Amino acid sequence: IIFSAPISFAECLSFPKKKRTMAKYFVGGLSRETTTESFRAYFEQFAELADAIVMVRDGVPRGFGFVTFADPSALTADFLQTPHVIDNKQVDVKSAVPVEEMPTPAPGGRGAGPPGAGPVSYAPLADGVKKLFIGGITPNTTKEMLEAHFASFGTLTDAVVMCDESTGRPRGFGFVTFESDVQAESAVRFPQGHVIDGKTVDVKKAQPKGSPNLPPPTPRGGAAMYGAGYGAGGGYGYG
């Protein structure tokens, strides 16, 4: 019998740590018709599943779910880049990051980096805000256009295009409200950006006036007005 020499503490620390392989994915923008069964059936074609679930509240689908693969190495390299369509609706698939592995958020609560910088953890970043400010929309953008675009991220409870009370002309912004803050988070952090009526629009969380998350009001005039919040929008601004 051969006994090896004891391993020193320093040598133990020098051993490479095993890198965790991501296996769990967040899937947003699900159709209301999507069930856990159809959800599972879709992802089973890519690799063996360890778990698959469509999130439901009070019997009503919440528009998102999670899928976990038993062997992530069986997935193709372009799995996340592949367009995924479930029940005739394109969905958003992103890596789900455990809380203990999340980077420290940047000052201001904006998360650890720009959209598309890496895996996204939606649940820990969800903060109760379900209402989004949509800025820079065209004069021809309607409520129905907002609903059609943002319905892919979850269930909407409200959508409005703000108009001038005296002239009736569109003011170039609106609001959409989701059923859950997680759905709103997925829309805000969508890495491809948002194009409505052929124009890239600005999507931010709407915060009640006086919220500590809002920046200080800026002087009126020009684009600077965007930082001050909107009384006509139901006492909301955005941070």
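Which residues do ring pairs link into a cluster? In this predicted model, the cluster is made up of Tyr-25, Phe-39, Tyr-42, Phe-43, Phe-46, Phe-69 and Phe-79. That makes a handy way in, and the wider picture comes next.

The protein has 239 residues, and 38% of them count as buried. Its secondary structure adds up to five helices and eleven strands. Looking at contacts between residues at least 6 apart in sequence, 67% join residues at least 24 apart. As for the outside, the accessible surface is about 13700 Å², with 56% of that belonging to carbon and sulfur atoms.

Back to the rings. A pair of aromatic rings is described by the distance of the centres and the angle of the planes. The count here comes to 18 aromatic pairs. Take Phe-26 and Phe-64: their ring centres sit 5.8 Å apart and their planes meet at 25 degrees, so this pair is stacked. The two partners come from distant parts of the chain, 38 residues apart, with Phe-26 in strand 1 (residues 24–28) and Phe-64 in strand 3 (residues 60–69). Phe-26 has a relative accessible area of 1%, so it is buried. Phe-64 comes out at 4% relative accessibility and therefore counts as buried too, since the cut-off for buried is under 20%.

Some rings also have a charged neighbour over them. Lys-24 lies over the face of Phe-66, at 5.1 Å from the ring centre. Elsewhere, Lys-131 takes up a place over the face of Phe-175, and here the distance to the ring centre is 4.9 Å.

Strand 3, home of Phe-64, also takes part in a hairpin with strand 2. Strand 2 (residues 49–57) pairs with strand 3 in the antiparallel sense, over seven bridges. One of the residues involved is Arg-57, whose bridge partner in strand 3 is Val-60. Two residues lie between the strands of this hairpin, and Asp-58 takes a positive phi near 55 degrees.

Another aspartate worth a look is Asp-92, which is found in strand 5 (residues 89–95). Is Asp-92 buried or exposed? With a relative accessible area of 10%, Asp-92 is buried, because buried means under 20%. What does the side chain of Asp-92 make a polar contact with? The partner is the side chain of Lys-94, at 2.7 Å.

Conventions
Residues are numbered from 1 along each chain as its sequence is written. This is a predicted model: local features need pLDDT of at least 70, side-chain atom pairs count only at pLDDT 80 or more; totals for chains, interfaces and linings use all residues. Side-chain values use heavy atoms; hydrogens and water are left out. Helices (H or I, at least four residues) and strands (E, at least two) are DSSP runs, numbered from the N terminus. Buried means under 20% relative accessible area, exposed over 50%, partly exposed in between (1.4 Å probe, protein chains only). A polar contact is a pair of N or O atoms within 3.5 Å; within protein, one must be able to donate a hydrogen and the other to accept it, and residues adjacent in sequence count only if both atoms are side-chain atoms. Contact means heavy atoms within 4.5 Å. Accessible areas come from the Shrake-Rupley method with a 1.4 Å probe; for residues, only the protein chains shown count as cover. Rings of Phe, Tyr and Trp (its six-membered ring) pair if their centres lie within 6.5 Å; planes under 30 degrees apart count as stacked, over 60 as edge-to-face and the rest as tilted. A charge sits over a ring if NZ of Lys or CZ of Arg is within 6 Å of the ring centre and within 35 degrees of the ring normal. Two strands pair if DSSP finds at least two bridges between them.
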